[in-house]
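Welcome! Please take a look at the structure below, and then let us walk through it together.

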There are 2 protein chains.
Amino acid sequence: MSRSVEERRRGILDVLKREGEQNVRELSERLGVSSVTLRRDVETLAARGLLHRTHGTVRPVQTAGRAGAVEKYVLGMVIPAGDYYYERVIEGAKAAAAAAGCSLVLGISGYDKATELQQVDRLLAKGVDGLVIAPTPEFDSGQLDAEQQQWLVSLSVPVVLIERPVASGGAAGVLDSISSSHAVGATLAVHHLAELGHTRIACVAITGPNSTHVLAGYRSAVASLGIESLGTVRFSADHEETVRDRILELVEAGATAFLVHNDVLALRCLAWLDDAGVDVPARVSLISYDDVFAAVAAVPITAVAPWREAVGQQAVQRLVGRIGEAISVRGRGGPGSAAEHRELIPRLHVRQSTAAPAKLDRHLGEGTADAVP
Amino acid sequence: MSRSVEERRRGILDVLKREGEQNVRELSERLGVSSVTLRRDVETLAARGLLHRTHGTVRPVQTAGRAGAVEKYVLGMVIPAGDYYYERVIEGAKAAAAAAGCSLVLGISGYDKATELQQVDRLLAKGVDGLVIAPTPEFDSGQLDAEQQQWLVSLSVPVVLIERPVASGGAAGVLDSISSSHAVGATLAVHHLAELGHTRIACVAITGPNSTHVLAGYRSAVASLGIESLGTVRFSADHEETVRDRILELVEAGATAFLVHNDVLALRCLAWLDDAGVDVPARVSLISYDDVFAAVAAVPITAVAPWREAVGQQAVQRLVGRIGEAISVRGRGGPGSAAEHRELIPRLHVRQSTAAPAKLDRHLGEGTADAVP
């Protein structure tokens with residue numbers, strides 16, 4: 001769907017909102033679009049429940065006076081950031097909300113728990129009917145703490161968690177959640193490297209809530225395939241040069257491939273390797289994680305791609321269903337449907353940064369490197 | 001839906017299958033049902049794609065000559081057993097297959113890997129279009145081994161796993177799976193006991209592929225709530241009396257509640273406690289796991305109830321979608337949709353076997369009991 005089509009349709013809705021019922025022929029002249037195009041737009045918008053049409057006229061749904069017709073629900077969405085990873089999660093959520101005739105109100109927590117609380121309070125005060133939220137987890141474990149879980153289950157509206165799988169044991173395990181399985185994503189990357197013939201690899205990761213899952217998947221895959229991991233390196237902006245040196249040491253020690261979480265760090269690695277005269281992929285293969293802009297790197301980088309739009313889309317669909325259930329069956333233990341934890345398995349997009357390992361003549365270092373820091 | 005309605009509808013389909021096109025009025029007289037009832041049945045069956053209707057007549061879909069009308073796909077299903085837990089999983093799968101106009105062919109592995117291979121080969125030889133399978137896992141870990149995972153991903157038809165979550169690292173992590181989260185199920189039970197005021201509890205479990213998950217959930221919940229676990233007991237038919245004695249020792253040591261996996265074992269525990277004069281729930285609370293027949297115990301037992309029908313139903317729906325995708329987009333890496341791991345969160349059905357703990361006057365044993373065996 002091109003942007004201009006959606007803009008044209010938004011224009012139609014704006015006119016209806018401002019001025020009420022319109023004659024279709026007059027509207028087509030006024031907006032400067034052909035009547036065929038306008039009729040097709042009107043059909044689409046009517047199918048989405050965004051306007052009503054009768055013979056020759058269209059009117060906004062708000063004035064229809066039928067309950068539940070449109071602006072069906074107001075949905076709140078609270079995420080840590082609106083850019084990078086979450087930009088397409090938001091796109092998916094917006095599309096699903098529009099398709100369900102709901103509006104979406106966004107709050108950004110900036111990975112800060114106090115801000116998160118404020119954002120949720122603000123949305124609840126605005127009267128949202130339900131909430132999609134990626135709560136701020138502990139950075140080390142990737143998990144939500146006990147207090148936060150208790151808070152989430154005590155909220156007065158249906159809640160769907162995104163990108164935050166809740167480990168068993170915690171109170172929030174009863175909530176619906178939709179997440180990317182970063183552990184399986186990392187597994188895919190390691191299997192790809194093993195299929196190419198790599199037997200000595202390493203992992204470099206940022207310090208963030210998802211890194212724990214990526215590293216866990218990396219370690220499980222290495223163990224299950226019986227190949228050698230030369231170590232895992234955690235990036236921190238405080239010791240950037242140490243990390244660069246560590247990566248070059250691993251190459252010297254015989255690492256032929258790296259899995260790098262995330263795209264930003266992978267681009268840095270690519271530059272460091274290039275500066276040091278280490279060719280990608282002739283000498284070292286590189287796989288990135290997230291696939292936000294891996295495709296446009298100097299050497300297009302093979303990347304694990306979580307289904308970011310689908311996460312946003314499915315979370316909103318689930319939430320709309322839950323709100324409907326909450327309205328029709330008040331109280332706990334009613335019929336309803338099963339709460340579920342859904343993990344979407346990322347894809348692997350193979351590009352130029354991965355190849356079979358070079359057969360090196362020279363003696364390779366034997367020691368297994370330890371993790372840094 | 002009452003059984004008789006479905007039987008009546010099956011009767012209609014049987015006549016059409018044997019004798020071809022029928023006049024609706026004649027058919028209603030012949031089957032001895034009112035024409036209103038018959039017309040309603042015909043509408044339902046037509047909506048399900050199981051017959052065609054025109055003015056006053058109905059005809060079987062098989063003679064319609066339109067491809068893809070009915071017996072849309074043949075689905076294979078391989079599970080360890082057809083009774084107890086899986087009986088309702090099968091019911092859910094059958095209902096979903098019927099609704100999708102597909103037929104379902106069942107194979108039972110009896111928790112034996114060689115039999116499982118044979119059953120799958122047999123189904124593939126019969127030309128099934130896809131497979132729902134609960135593969136036989138390692139009993140200790142509840143996990144599928146590497147060879148088995150490789151076999152599953154190499155099958156020539158789409159595969160959906162049920163009740164077997166694949167840990168990250170393994171090759172089968174890329175397959176769709178739909179499972180009950182037994183770890184979160186156990187968590188629910190522990191939270192319920194904690195809310196009633198229990199602070200010293202224990203867990204008794206059979207030795208089976210799901211027990212690992214139940215025990216993991218039990219341990220996480222106890223740790224997260226900061227209450228005391230007096231121990232976990234693994235049941236084996238070989239030392240049944242040892243297990244009984246161990247449970248009574250735990251009661252003496254001050255355990256006020258037990259989570260018991262599964263229903264069969266919970267009924268045994270109830271009898272052992274009754275024989276020893278330990279009142280349920282006055283002295284000890286009991287929660288069962290599975291909820292197959294916990295409701296009809298001498299003291300109706302509070303139980304964790306996995307959504308067994310929903311697992312079967314959703315697996316078939318997912319498989320039908322996958323077969324459709326495989327037909328429309330051949331080859332890997334095509335558009336398709338995200339593979340997903342879906343975990344359905346069980347419910348807790350509260351009955352008479354759980355109550356607040358009695359305030360005991362006497363001195364309680366202080367030592368924390370160790371696990372047996």
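Is Asp291(A) buried or exposed? Asp291(A) counts as buried, because its relative accessibility is 12% and buried means under 20%. Please keep in mind that this is a predicted model.

**Salt bridges**

Side chains of opposite charge can pair when their charged atoms come close. The structure holds 34 salt bridges over all chains. Three of them are set out here.

| Pair | Closest N to O |
|---|---|
| Asp291(A) and Arg351(A) | 2.9 Å |
| Arg9(A) and Asp41(A) | 3.0 Å |
| Arg342(B) and Glu340(B) | 2.6 Å |

Asp291(A) and Arg351(A) meet in a salt bridge through their side chains. This pair links distant parts of the chain, 60 residues apart: Asp291(A) sits in the loop between β12 and β13 of chain A, and Arg351(A) in the segment after β15 (347-349) of chain A. Arg351(A) counts as partly exposed, at 22% relative accessibility.

Arg9(A) forms a salt bridge with Asp41(A). Arg9(A) belongs to helix α1 (residues 3-19) of chain A and Asp41(A) to helix α3 (residues 35-47) of chain A, so the pair ties together parts that are 32 residues apart in sequence. Arg9(A) is buried, with a relative accessible area of 8%, and Asp41(A) is buried at 1% relative accessibility.

Arg342(B) and Glu340(B) share a salt bridge between their side chains. Both Arg342(B) and Glu340(B) are buried. Salt bridges with shared partners also join residues of the two chains into one network, including Asp176(A), Arg342(A), Asp176(B), Glu340(B) and Arg342(B).

**Two copies**

How are the chains related? A turn of 179° and a shift of 0.1 Å along the axis lay chain B on chain A with an RMSD of 0.3 Å. The two copies are therefore related as by a two-fold rotation axis. Arg342(B), met above in the network, comes closest to this axis among the residues of chain B, at 2.2 Å (C-alpha).

**Domains and surface**

Chain A is divided into domain 1 (3-64), domain 2 (74-180 + 308-344) and domain 3 (183-306). The centres of domain 1 and domain 3 of chain A are 50 Å apart, taken over C-alpha atoms. An unreviewed UniProt entry places the feature "domain: HTH deoR-type" at residues 5-60 of chain A. That span is 64% helix and 18% strand, and its end C-alpha atoms lie 19 Å apart.

On the surface, Val264(A), Leu267(A), Phe293(A) and Val296(A) form a nonpolar patch with about 330 Å² of accessible area together. Val296(A) lies in the loop between β12 (285-289) and β13 (302-305) of chain A and counts as exposed, at 68% relative accessibility.

Methods: Residues are numbered from 1 along each chain as its sequence is written. Chains are lettered from A and ligands numbered from 1 in the order in which they are written. This is a predicted model: local features need pLDDT of at least 70, side-chain atom pairs count only at pLDDT 80 or more; totals for chains, interfaces and linings use all residues. Side-chain values use heavy atoms; hydrogens and water are left out. Domain bounds come from an automatic or database domain assignment. Patches are made of residues with over 30% relative accessible area and no salt bridge: like charges are joined within 9 Å, nonpolar side chains (Val, Leu, Ile, Met, Phe, Trp, Tyr) within 5 Å. Accessible areas come from the Shrake-Rupley method with a 1.4 Å probe; for residues, only the protein chains shown count as cover. A salt bridge is a side-chain nitrogen of Lys or Arg within 4 Å of a carboxyl oxygen of Asp or Glu. Helices (H or I, at least four residues) and strands (E, at least two) are DSSP runs, numbered from the N terminus. Buried means under 20% relative accessible area, exposed over 50%, partly exposed in between (1.4 Å probe, protein chains only). UniProt positions are given in the numbering used here, feature names are shortened, and annotations may be inferred rather than shown by experiment. Copies are superposed by least squares on the C-alpha atoms of residues with pLDDT of at least 70 in both.
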